[in-house]
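The exercises below are meant to be worked with the sequence and the coordinates open side by side. Each task is followed by a solution that proceeds step by step.

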Amino acid sequence: MTNDVKRTQSRALWVLLGGGIAWIVVLIVIGVAYLTDDSPEHIDSGVATIPPGPTIPAIIGDVPTLAAVTHTPRPPVTPTITVTITPTITPPVMLSPAPILPILTATPTGDPVADTNSAAHVEPDSGAAAEAIEQADDQTDSQTSACAPPVGWEMYVVQPDDTLFAFELGSGGATTVEDIMAANCLTSRYLVIDQVIYLPSGAAENAPPSSPYVAGSELYASGPRTPDCPCTIRITEGWRREQIAEAVQAASTQFTGGDFLAVTGPGVTTAYDFANQRPANTSLEGFLFPGVYTLQNDTTAEQFRDMLLAAFDANIPANMRADGVAQGVSFYEVVIIASIVQREVRGADDQKNVASIIYNRVRDGSRLGATVTLQYPLGEPGSWWPRITNINFESPYNTYQVAG
């Protein structure tokens, strides 16, 4: 009996306990639902109040009081919209090159603010346009005329013995033969007497002579003069007549350098056949043998000349002259070749080799191509054998261009 009562009380207690727990769960659910309700009647300064729930039977005992829950609503979020503008790049239109036209500048009138929505349009003055076009035509003509003389060049009338190379030297290196030809529309390097050309300023006045220097009274005056000898004159191998005349002028002989040039010039006859067989209108140059000579107060220019010819005759005997002629040239040509070789090279072996080359060219009719022959027509007092920087000039002594 006692056990049955105990079991009955125990089941009643578990029932009451389960019911109490169920009510607690219900209250919690209602409270949560109330807290999440955002209706205006349940919002007061951001604080939500939980209404009292139903009374729980006393058999469960006192239910602890729930603390008020404070609810702070989050401020509304305003989304940030970022707009990215990607420009559209239009590639430039490639056009075919057009001729360059003169730029026409128009003076604006009226409102200076233009309508940006319309294309600009300039109506040039017809007179200005015509003038600009005429200037453009003139410029085109000057550009197409490749032989127009440069600004500052002067008109010149060609004189005897003028050459383009001499004008190049006269310009001091400021221009070349090709420049002069281009400026004057020349198709040939040869000039014609009285031909009108244009040259840089000073080129003609400063040009060296293009033919061998013709010495006369303007170079060495004629004698006699008061002698002061014995006088020693040394003639170096390879000297030209003018250099020997300078040595005479520097000595105290009774005759002058001009006298010596006169008795050794073209047309002069002597007692020596080898000298008299030279071509007409040629000087004794080449037969004036180098060496050291002593002159007295009464020595004349003719006597000094014959001293040189006698030395040549003694050092170049008849058999040597015959050997030269056997090469198929005249003896005068043998002397010319020997003179060229003597100035071109100094060593005996080298002279033989160069002489062989020149003789072969003579036989073939080829140009000799000797630099010394370029120096000869350009020589002048103070520079009888000038340095050659250009072989392209007109002269009968230019063996790079002229055969023979």
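Helices, of type H or I and at least four residues long, and strands, of type E and at least two residues long, are DSSP runs numbered from the N terminus. The model used throughout is a predicted one.

**Exercise 1. An overview**

Establish how many helices and strands the protein has, what share of its residues is buried, and how its contacts are spread along the sequence.

Solution. Begin with the secondary structure, where the protein shows 12 helices and four strands. Next turn to burial, for which the cut-off is a relative accessible area under 20%; of the 404 residues, 29% are buried. Then take the contacts between residues at least 6 apart in sequence, of which 66% join residues at least 24 apart. Finally, the exposed surface of the protein comes to about 26700 Å², with carbon and sulfur atoms supplying 57% of it.

**Exercise 2. Strands 1 and 2**

Determine in which sense strand 1 and strand 2 pair, and which residues of strand 2 lie on its covered face.

Solution. Strand 1, residues 154-157, pairs with strand 2 in the antiparallel sense, over four bridges. Within this pairing, Y156 stands opposite I197 of strand 2. Strand 2 itself spans residues 196-199, and its covered face carries I197 and L199, whereas V196 and Y198 belong to the uncovered face. The last step is to follow V196 and Y198 to the surface, where they form a nonpolar patch together with M155 and V157, with about 360 Å² of accessible area in total. The elements that give two or more residues to this patch are strand 1 and strand 2. M155 is located in strand 1 and, with a relative accessibility of 58%, counts as exposed.

**Exercise 3. A pair distant in sequence**

Locate T163, decide whether it is buried or exposed, and find how far it is from R189 in space.

Solution. T163 sits in the loop between strand 1 and helix 3, the latter covering residues 164-170. Its relative accessibility is 3%, so T163 counts as buried. T163 and R189 are separated by 26 residues in sequence, while their C-alpha atoms are 8.0 Å apart.

**Exercise 4. Salt bridges and burial**

How many salt bridges does a search of the whole structure find? For each, give the N to O distance and describe the burial of both partners.

Solution. The search yields three salt bridges, which can be treated in turn.

- R240 and E242 meet through their side chains at 2.9 Å, N to O; R240 is buried at 1% relative accessible area, and E242 is buried at 3%.
- R305 and D306 have their closest N and O atoms 3.1 Å apart; R305 is buried at 8%, whereas D306 is partly exposed at 28%.
- D313 and R321 have their closest N and O atoms 2.3 Å apart; D313 is partly exposed at 32%, whereas R321 is buried at 17%.

**Exercise 5. The disulfide and the cis peptide bonds**

Identify the cysteines that the disulfide joins, state its handedness, and find which peptide bonds next to prolines are cis.

Solution. The count comes to one disulfide, and this link joins C229 to C231 with an S to S distance of 2.0 Å. The angle about the S-S bond is -95°, and the link of C229 and C231 is left-handed. Both cysteines are buried, C229 at 12% relative accessible area and C231 at 6%. The peptide bond joining C229 and P230 is cis, with omega about 20°, and P230 lies in the loop between strand 2 and strand 3. A further cis peptide bond joins G223 and P224, with omega about 0°; P224 lies in the loop between strand 2 and strand 3, which spans residues 231-235.

**Exercise 6. Positive phi angles**

Find where D194 and N281 are placed, and what phi each adopts.

Solution. Most residues other than glycine have a negative phi. D194, which is not a glycine, has a positive phi of about 75°; its place is the loop between helix 4, residues 177-183, and strand 2, and at 58% relative accessibility D194 counts as exposed. N281 likewise has a positive phi, near 65°; N281 belongs to the loop between helix 7, residues 273-276, and strand 4, residues 291-295, and is exposed with a relative accessible area of 69%.

How values were computed:
Residues are numbered from 1 along each chain as its sequence is written. This is a predicted model: local features need pLDDT of at least 70, side-chain atom pairs count only at pLDDT 80 or more; totals for chains, interfaces and linings use all residues. Side-chain values use heavy atoms; hydrogens and water are left out. A salt bridge is a side-chain nitrogen of Lys or Arg within 4 Å of a carboxyl oxygen of Asp or Glu. Buried means under 20% relative accessible area, exposed over 50%, partly exposed in between (1.4 Å probe, protein chains only). A disulfide is a pair of cysteine sulfur atoms within 2.5 Å. Contact means heavy atoms within 4.5 Å. Accessible areas come from the Shrake-Rupley method with a 1.4 Å probe; for residues, only the protein chains shown count as cover. Two strands pair if DSSP finds at least two bridges between them. Patches are made of residues with over 30% relative accessible area and no salt bridge: like charges are joined within 9 Å, nonpolar side chains (Val, Leu, Ile, Met, Phe, Trp, Tyr) within 5 Å.
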